[in-house]
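Me: I should like to learn how to read the packing of a helix in a model. Please take me through one case.

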Amino acid sequence: GEALGRWSGLHRVERWAAWHNDRLVGAVETRASISAEQAQLRFAVRPGARGKLEASLVNRGLEAIARAGGGSVIAEHDGEHAEGVAALVAAGFHCRRDLVTMRRAVRPGDSAL
């Protein structure tokens, strides 16, 4: 589907990765479409590399969206990743909606629920 979208010009998906010693330490993905109101930007950085890659990944993503035609951008990102949030704010984003995620371990008794 991505190849057809790129070929037709209807939508474009780009992914960039950061590697260190043959290990993936960060990545960014962008989705831009002629039919969508907003482009999407998502990125993640391994905890050991945090504070070093976020700004570069956000900038790379915004460059990809600009090549695809620009417009407004929605960034979905983990609010607990302070360095990532700071990189987004520095690039001009502001929080529109804050999603709280909750976790707990699965226990053997859960199968009876």
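Me: Against which elements do the buried residues of α2 pack?

Reply: They pack against β1 (11-20), β2 (23-33), β3 (39-45), β4 (73-76) and α3 (82-90). Helices (H or I, at least four residues) and strands (E, at least two) are DSSP runs, numbered from the N terminus. This is a predicted model, in which local features need pLDDT of at least 70, side-chain atom pairs count only at pLDDT 80 or more, and totals for chains, interfaces and linings use all residues. Residues are numbered from 1 along each chain as its sequence is written, and side-chain values use heavy atoms, with hydrogens and water left out.

Me: Which residues of α2 are buried, and why do they line one face?

Reply: An α-helix has 3.6 residues a turn, so residues three or four places apart point the same way. In α2, Glu54, Leu57, Val58, Gly61, Ala64 and Ile65 are buried (under 20% relative accessible area, 1.4 Å probe, protein chains only). Viewed down the axis of α2, these residues fall within an arc of 125° (directions from the helix axis to the C-beta atoms), so they line one face of the helix.

Me: With what is Val45 in contact, leaving aside its neighbours within four places in sequence?

Reply: Contact means heavy atoms within 4.5 Å. With those neighbours left aside, Val45 is in contact with Val25, Gly26, Arg50, Leu53, Glu54, Leu57 and His81.

Me: Is Arg97 buried or exposed?

Reply: Arg97, in the segment after α3, is exposed (over 50%), with a relative accessible area of 76%.
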